[in-house]
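Here are a few friendly notes to read alongside the model. Take them one at a time, and keep the structure open while you do.

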Amino acid sequence: MKRKVLSLTVLGFLFVAGSAFAGDDFIKTAHALFKPIPLIPPDIKANQLTPEKIELGKMLYFDPRLSKSGLISCNTCHNVGMGGV
């Protein structure tokens with residue numbers, strides 16, 4: 001019985017260790033494909049950012065009338081006070 005437990009423990013360790021090495025490759029691939037979100041939005045010539053557009057975005061984000069029930073805004077699930085995620 002002890003031998004079986006030891007064998008399963010060793011196999012489990014090897015599986016986890018192998019997954020960790022595979023995870024390194026996965027992370028490298030992800031970094032090559034995806035770039036960080038910029039701190040400042042890009043300036044699009046055809047659609048300039050204005051204070052009015054920023055205010056409209058805030059109003060829409062917090063407006064529960066856009067939901068089917070009329071009770072839930074984007075901020076309900078993506079609370080800005082908690083990082084927005």
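1. Let's begin on the surface. Leu 56, Leu 60 and Leu 66 come together there as a nonpolar patch, and their combined accessible area is about 290 Å². Please find these three leucines in your viewer before reading on.

2. Keep in mind that you are looking at a predicted model. Across the protein chain the mean pLDDT is 82, with 75% of the residues at 70 or more. Which element has the lowest mean pLDDT, and which the highest? Helix H1 (residues 2-33) is the lowest at 69, while H2 is the highest at 95. A word of care follows: where pLDDT is low, the predicted coordinates should not be read in detail.

3. Now for the overall layout. The protein chain has 3 helices and 0 strands, giving the pattern α-α-α when you read along the sequence.

4. Back to one member of the patch, Leu 66, which sits in the loop between H2 and H3. Is Leu 66 buried or exposed? Its relative accessible area is 58%, so Leu 66 counts as exposed, because the cut-off for that word is over 50%.

5. The loop between helix H2 (51-61) and helix H3 (74-77) also holds Ser 73. Here the relative accessibility is 11%, so Ser 73 counts as buried, because buried means under 20%.

6. What does Ser 73 touch, once its neighbours within four places in sequence are set aside? Its contacts are Tyr 61, Phe 62, Asp 63 and Pro 64. There is also a link back to the patch to look at: Ser 73 and Leu 60 are 13 residues apart along the chain, and their C-alpha atoms are separated by 8.2 Å.

7. Finally, zoom out to the whole protein chain. Of its 85 residues, 5% are buried, and Ser 73 is one that counts as buried. The accessible surface of the chain comes to about 8100 Å², and carbon and sulfur atoms account for 72% of that surface.

How values were computed:
Residues numbered from 1 in each chain as written. Predicted model: local features only at pLDDT ≥ 70, side-chain atom pairs only at ≥ 80, totals over all residues. Heavy atoms only, no water. Helix = DSSP H or I, 4+ residues; strand = E, 2+ residues; numbered from the N terminus. Buried < 20%, exposed > 50% of the residue type's maximum accessible area, 1.4 Å probe, protein only. Contact = heavy atoms within 4.5 Å. pLDDT = per-residue confidence, 0-100. Patch = residues over 30% accessible without salt bridge, like charges linked within 9 Å, V, L, I, M, F, W, Y side chains within 5 Å. Areas by Shrake-Rupley, 256 points an atom, 1.4 Å probe, with all protein chains shown as cover. Salt bridge = Lys/Arg side-chain N within 4 Å of Asp/Glu carboxyl O.
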